Amino acid sequence: MKCRKAHLEDLDIIFKIEQKLFNQPWTKKSIYNELNRSKNTLNLVAEIDEKIIGYFFSHFFEREAHILNLAIDFPYQHKGLGKIFLNKIINKYLKEANVFLEVKRTNFPAINLYLSFGFEEINIRKDYYSDGEDALEMVKKMNSYDLVSS
Ligand SMILES: CC(C)(COP(=O)(O)OP(=O)(O)OC[C@H]1O[C@@H](n2cnc3c(N)ncnc32)[C@H](O)[C@@H]1OP(=O)(O)O)[C@@H](O)C(=O)NCCC(=O)NCCS
C-alpha cells in the first residue's frame, strides 16, 4: 500500500467512498474545503495499484493533531489495511504529536483500531453527532521523553 498526500483531483473518488461508508457523510463541499486548505492540515490517501482505497484527514497545530476522518473502502476492510495505513501515518507524520479524535461510541471497528495504537478514552461527548449519538474522545500522547522535554 502506498500513502501519499491527498490532492483536489482526488475529490470525486474520496466523496464516492465517503458516501458508501457513512450514514452522515461529509458533503462534497466540506471535502473540497479540507483538500483546499493549505495550512495546518495533513490529508492523505492510501493507494493500491494507483487506486485510492482509503483516506485520512487531520488538522494540526504545533505538536497537537486532530484526526477528522479515517476510512478504508468497503471491499478492502478487515484485511489489516486500516492498521497499515494508520501505522504509516503515525510513524511518518505524528510521532511527535499528541493526537486527538472523536469517534462514534458504537463504532467498535474504529475504536478497537485506535485502542490497538495506544489511544486512550478521555471523555464522552453526549449528543455530539447530529443523529444524537455520543462521541468518544480519545487521545494518543507523544512519548514521555518528548512531553518532559517540551
Ligand atoms: C475503521 C476502519 C478504518 C478500519 O479499517 P480496516 O482496514 O477494516 O481495519 P483492519 O483490518 O486494519 O483492522 C484493524 C483493527 O481494527 C479493529 N477492527 C477492524 N474491523 C473490526 C470489526 N468489524 N469489529 C471490531 N474490530 C474491528 C480490530 O482491532 C483490528 O485489529 P485485529 O484484526 O488485530 O483485531 C474501517 O472499518 C472503516 O473505514 N470504517 C468506516 C469508516 C469509519 O468508521 N472511520 C472511522 C471514523 S473515526
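**Nonpolar core and overall fold of the predicted model**

Within the 28 residues of the largest nonpolar core, the members that touch the most others are Leu 44, Tyr 55, Phe 56, Phe 85, Leu 101 and Met 138. Such a core is a set of buried Ala, Val, Leu, Ile, Met, Phe, Trp, Tyr and Cys residues joined through C-beta atoms within 7 Å; a residue is buried if 20 or more other C-beta atoms lie within 10 Å of its own, with C-beta atoms placed from the backbone. At least two core residues come from each of α1 (11–21), β2 (41–48), β3 (51–61), β4 (64–72), α3 (81–94), β5 (98–104) and β7 (135–140), and β4 gives the most, with five. Leu 101 touches His 66, Ile 67, Tyr 114 and Met 138, residues up to four places away in sequence not being counted.

The model is predicted: local features need pLDDT of at least 70, side-chain atom pairs count only at pLDDT 80 or more, and totals for chains, interfaces and linings use all residues. Residues are numbered from 1 along each chain as its sequence is written.

The protein chain has five helices and seven strands, taken as DSSP runs (helices: H or I, at least four residues; strands: E, at least two) numbered from the N terminus. The C-alpha atoms fill a box of roughly 45 × 35 × 30 Å along the principal axes. Of the 150 residues of the protein chain, 23% count as buried. Among contacts with a separation of 6 or more (C-beta atoms, placed from the backbone, within 7 Å), 54% are between residues 24 or more positions apart.

How values were computed
A residue is buried if 20 or more other C-beta atoms lie within 10 Å of its own, exposed if 12 or fewer, and partly exposed in between; C-beta atoms are placed from the backbone. Two residues are in contact if their C-beta atoms, placed from the backbone, lie within 7 Å.
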